[in-house]
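Trainee: I would like to go through this structure slowly and ask, at each step, what a word rests on.

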Amino acid sequence: MSIAEIKDSITKMNARQRREIEIHLLSLRAATPAWKKETARRIRDAKAGKSYTATQVEALIAAMPR
């Protein structure tokens, strides 16, 4: 199946099905070594007392490797 066919199939899905696909894709990204390393660093920072505003968190998430 080509990427175009996959995209077409997803377009035809209902909102619940698309959400399931989205969750699955996010879980794949979260399983990467880069994601795990970055998450561990952020947890260490949080435990050390470093905090972020909601805007900063959104910017950090947007900048993460995909």
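Trainee: In what order do the elements of the chain run from the N terminus on?

Mentor: Before anything else, keep in mind that this is a predicted model. From the N terminus on, the order of the elements is α-α-α-α, and the count for the chain is four helices and zero strands.

Trainee: How do you know whether the chain is more spread out or less spread out than a compact globule?

Mentor: The globule rule gives 11 Å for 66 residues, whereas the radius of gyration of the chain is 16 Å, which is well over that value, so the chain is more spread out than a compact globule. The box filled by the C-alpha atoms, taken along the principal axes, is roughly 45 × 25 × 15 Å. Of the 66 residues, 8% count as buried, and the chain exposes about 5600 Å², with 63% of this supplied by carbon and sulfur atoms.

Trainee: Why is Arg-42 called buried?

Mentor: Buried means under 20% relative accessible area, and Arg-42 has a relative accessible area of 19%, so the word buried applies to Arg-42. This residue is found in helix 3, which covers residues 33–47. If its neighbours within four places in sequence are left aside, Arg-42 is in contact with Leu-60, Ile-61 and Met-64.

Trainee: What makes Asp-45 count as buried?

Mentor: Its relative accessibility is 19%, and because the word is kept for values under 20%, Asp-45 counts as buried. Asp-45 is also found in helix 3, and apart from its neighbours within four places in sequence, Asp-45 is in contact with Lys-50 and Tyr-52.

Trainee: What makes the pair of Asp-45 and Arg-41 a polar contact?

Mentor: For a polar contact, a pair of N or O atoms must lie within 3.5 Å, and one must be able to donate a hydrogen and the other to accept it. The side chains of Asp-45 and Arg-41 make such a contact at 2.7 Å.

Trainee: Is Ile-43, in the same way, buried, partly exposed or exposed, and how do you know that?

Mentor: The relative accessible area of Ile-43 is 45%, and because partly exposed covers what lies between under 20% and over 50%, Ile-43 is called partly exposed. Ile-43 has its place in helix 3, and its C-alpha atom is 15 Å in space from that of Thr-53, with the two residues ten apart in sequence.

Trainee: Why is Lys-50, which Asp-45 contacts, called partly exposed?

Mentor: With a relative accessible area of 47%, Lys-50 is not over the 50% that exposed requires and not under the 20% that buried requires, so Lys-50 is partly exposed. Lys-50 is found in the loop between helix 3 and helix 4, the latter being residues 54–63. The C-alpha atoms of Lys-50 and Trp-35 are separated by 19 Å, while the residues are 15 apart along the chain.

Trainee: How do you know that Arg-29 is buried?

Mentor: Arg-29 has 16% relative accessibility, which is under 20%, so Arg-29 counts as buried. Arg-29 is found in helix 2, residues 15–30. Leaving out neighbours within four places in sequence, Arg-29 is in contact with Trp-35, Pro-65 and Arg-66. From Arg-29 to Pro-65 there are 36 residues in sequence, and their C-alpha atoms are 8.7 Å apart in space.

Key:
Residues numbered from 1 in each chain as written. Predicted model: local features only at pLDDT ≥ 70, side-chain atom pairs only at ≥ 80, totals over all residues. Heavy atoms only, no water. Helix = DSSP H or I, 4+ residues; strand = E, 2+ residues; numbered from the N terminus. Buried < 20%, exposed > 50% of the residue type's maximum accessible area, 1.4 Å probe, protein only. Contact = heavy atoms within 4.5 Å. Rg over C-alpha atoms; globule rule 2.2 N^0.38 Å. Areas by Shrake-Rupley, 256 points an atom, 1.4 Å probe, with all protein chains shown as cover.
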